[in-house]
Amino acid sequence: MGWNSWNKFQCDVDEQIIRAMADAMATNGMKDAGYQYINIDDCWQGQRDVQGFIQPDPKKFPSGMKALADYVHGKGLKFGLYSDAGAKTCGGRLASRGHEYQDALTYAQWGVDYLKYDWCGCEDLNAKGAYTTMRDALHAAGRPMVFSMCEWGQNKPWHWAEDIGHSWRTTADIYPAFDGALEHGSWQQWSVLKILDAQKPLRVFAGPGHWNDPDMLEVGNGMTVSEDRAHFSMWCMLCAPLISGNDLAHMKPEVLQIFTNPEVIAVNQDKFGVQAFVYSTNANVEIWFKPLAGGDWAMCALNRGKQSQNTSFDWKNEKVGDALSKRDANFSVTTYALQNLWTHQPAGTTADVLSAEIPGHDLLMLRLKENGTALDAGAQKNHPH
Ligand code: GLA
C-alpha cells in the first residue's frame, strides 16, 4: 500500500511534491490505514557520473535522493523509485540496461525500499532474463526491496515470475475512466472494467509474495465517487497492490474516505491471499466472491452499467465453491451474518433474500461472517459435506 507519482504528475515530479505527499500520507489517516510507500515514478533521472553512477535530475531533486529518502523515512514511511530494463525509460530518461548491479547498489545506498521496473525499449531482450538480472542485482545490493515488475503482461509473467518479482503488471496502463479504452496509435490505456476483466483468468497465479498487479489506483483523479468506490473495492477483491496515484495534498474528503475504509482494506490485506472470482452475472450486475481467512467471505455485487439496477440474490438457492482455495459456502446449510462494508452497518443474514438497488457504476460490498448460526441440525445431516 502506498502512493506513486505517475498517474497524477507524470514527468512533472520534484522533491517538493514528494515531500508534500509524504507529509500528507503521514498525517491524513492513510499511514494509520496501512499505506507505507512513497514511490517516485519516471523522470527523476539525470545523467550518469564519470564512473557510471546514476544521478537524480539536479533541477528537480537538488537535495539528492539520499536526503529525500531520509525525509520519507523520517515520516515513518518507505521510499520507492522507478527504472526500466532497457537503455531508456518510457519517458526517455536513462534506464538500467548494462548498469543493473551498479543501479541496484545506488538504490540501496540511497535507502530505496521499492523498485518499479518498466519495459520500454526492450524489444530485443528476454523478459525472464532481464527481470532475473535485476532481481539478482537487488539481492546482491543487500537491502530488502519490493520488486514491482512492470512488463504489462506482454510475456505472461504470471507463468514464470513467481520467484522473480513480488508483483507483475498484467495489462496496459490505466487511465481514469470506468469503461472503455483510449487509443494512442501504438499503445492504449485501459479503463477500470477493461483491466478488471483481464484479471479474471489470472487468479490462479496470484498469492502471497507474487501478486497480479492491475495497475495503480485512479481514485481521486476525476471519476465519480461511485466509480472511485467501485474501482477501489474491486482492486481490494483482486488482492491488488493499493498504490494511490492522486494529489494527496489536495483531495476531497470523500476520496480520502474511500482510501481509508478499514473494512474494505481488510479484504485487500486478508492473510488468505486469494483473488476474487465472478460467481454469477445478472444483466449488468456481476456477483464476485473472495474467500477470507478464518471462514469469512467478501462479496461484491458490481453494477457495470450506467443505470441503477435492482438485484436480488436468494442465498438459500446458491452454493459457492472455489476449487482453487478449496472453500465452499452452502447457504442452505450455513447462515452467515452480513456486514455492509461501505455503510459499516449490519445487513441481515443469508437466511433472507438479498435485494438491493445498485446505482450505476457502483457496487454493494458485503462481508459474510461465518459465525452465523446453522439453519437447523436436520438440514445439515441431509448435506453430508
Ligand atoms: C509505463 C508504465 C507506467 C509509467 C510510465 C512512465 O507506461 O506502464 O506505469 O511508469 O511508463 O513513463
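These exercises walk through the pockets, the cavity and the ligand site of a predicted model.

**Exercise 1. Find the largest pocket and describe its lining.**

Step 1. Start with the space itself: the largest pocket has a volume of about 650 Å³.

Step 2. Now look at the wall. The lining is made of 30 residues, and C90, W152, D173, W187 and Q188 are the ones nearest the centre of the pocket.

Step 3. Turn to secondary structure. Helix α1 (6-9) and the strands β6 (114-118), β9 (173-174) and β11 (188-190) each give at least two residues to this lining.

Step 4. Sort the lining by class: 12 residues are nonpolar, 10 are polar and eight are charged.

**Exercise 2. Which pocket does the ligand take up, and which residues surround the ligand?**

Step 1. Place the ligand in the model: the space it takes is the largest pocket.

Step 2. List the neighbours, using a cut-off of 4 Å between a residue's heavy atom and the ligand. The shell consists of W6, D41, D42, Y82, C90, G91, K116, D118, C150, W152, R169 and D173.

Step 3. Classify the shell. Six of its residues are charged, five are nonpolar and one is polar. The polar one is G91, because Gly counts as polar in this scheme.

Step 4. Look for polar contacts, for which the limit is 3.5 Å between N or O atoms. The side chain of D173 has an N or O atom 2.5 Å from a ligand oxygen. For the D42 side chain, the corresponding distance to an oxygen of the ligand is 2.8 Å. R169 places a polar side-chain atom 3.2 Å from a ligand oxygen.

Step 5. Finish with the cover: on its own the ligand exposes 310 Å², and the protein buries 94% of that.

**Exercise 3. Describe the second largest pocket.**

Step 1. Give its volume: the second largest pocket holds about 510 Å³ of space.

Step 2. Find its centre. Among the 18 lining residues, M1, Y37, W211, P241 and Q269 lie nearest to that point.

Step 3. Sort this lining by class, and you get 10 nonpolar residues, seven polar and one charged.

**Exercise 4. How many cavities of 30 Å³ or more are there, and which residues line the largest cavity?**

Step 1. Count them: there is one cavity of 30 Å³ or more.

Step 2. Give its volume: the largest cavity contains about 80 Å³ of space.

Step 3. Name the lining: N4, N39, I40, L81, Y114, K116, S148, D213, M216, P241 and I243.

Step 4. By class, this lining has six nonpolar, three polar and two charged residues. The charged pair is K116 and D213, because Lys and Asp both count as charged.

Terms used:
Residues are numbered from 1 along each chain as its sequence is written. This is a predicted model: local features need pLDDT of at least 70, side-chain atom pairs count only at pLDDT 80 or more; totals for chains, interfaces and linings use all residues. Side-chain values use heavy atoms; hydrogens and water are left out. On a 1 Å grid over the protein atoms alone, a cavity is a set of points where a 1.4 Å probe fits but cannot get out, and a pocket is an open set with protein on both sides within 12 Å along at least five of seven lines; lining residues have an atom within 4 Å of a point. Grid points are joined across faces, edges and corners, and a volume is the space filled by probe spheres set on the points. Helices (H or I, at least four residues) and strands (E, at least two) are DSSP runs, numbered from the N terminus. A residue is near a molecule or strand if one of its heavy atoms lies within 4 Å of it. A polar contact is a pair of N or O atoms within 3.5 Å; within protein, one must be able to donate a hydrogen and the other to accept it, and residues adjacent in sequence count only if both atoms are side-chain atoms. Accessible areas come from the Shrake-Rupley method with a 1.4 Å probe; for residues, only the protein chains shown count as cover. A molecule sits in a cavity or pocket if more than half of its atoms lie within 2 Å of its grid points.
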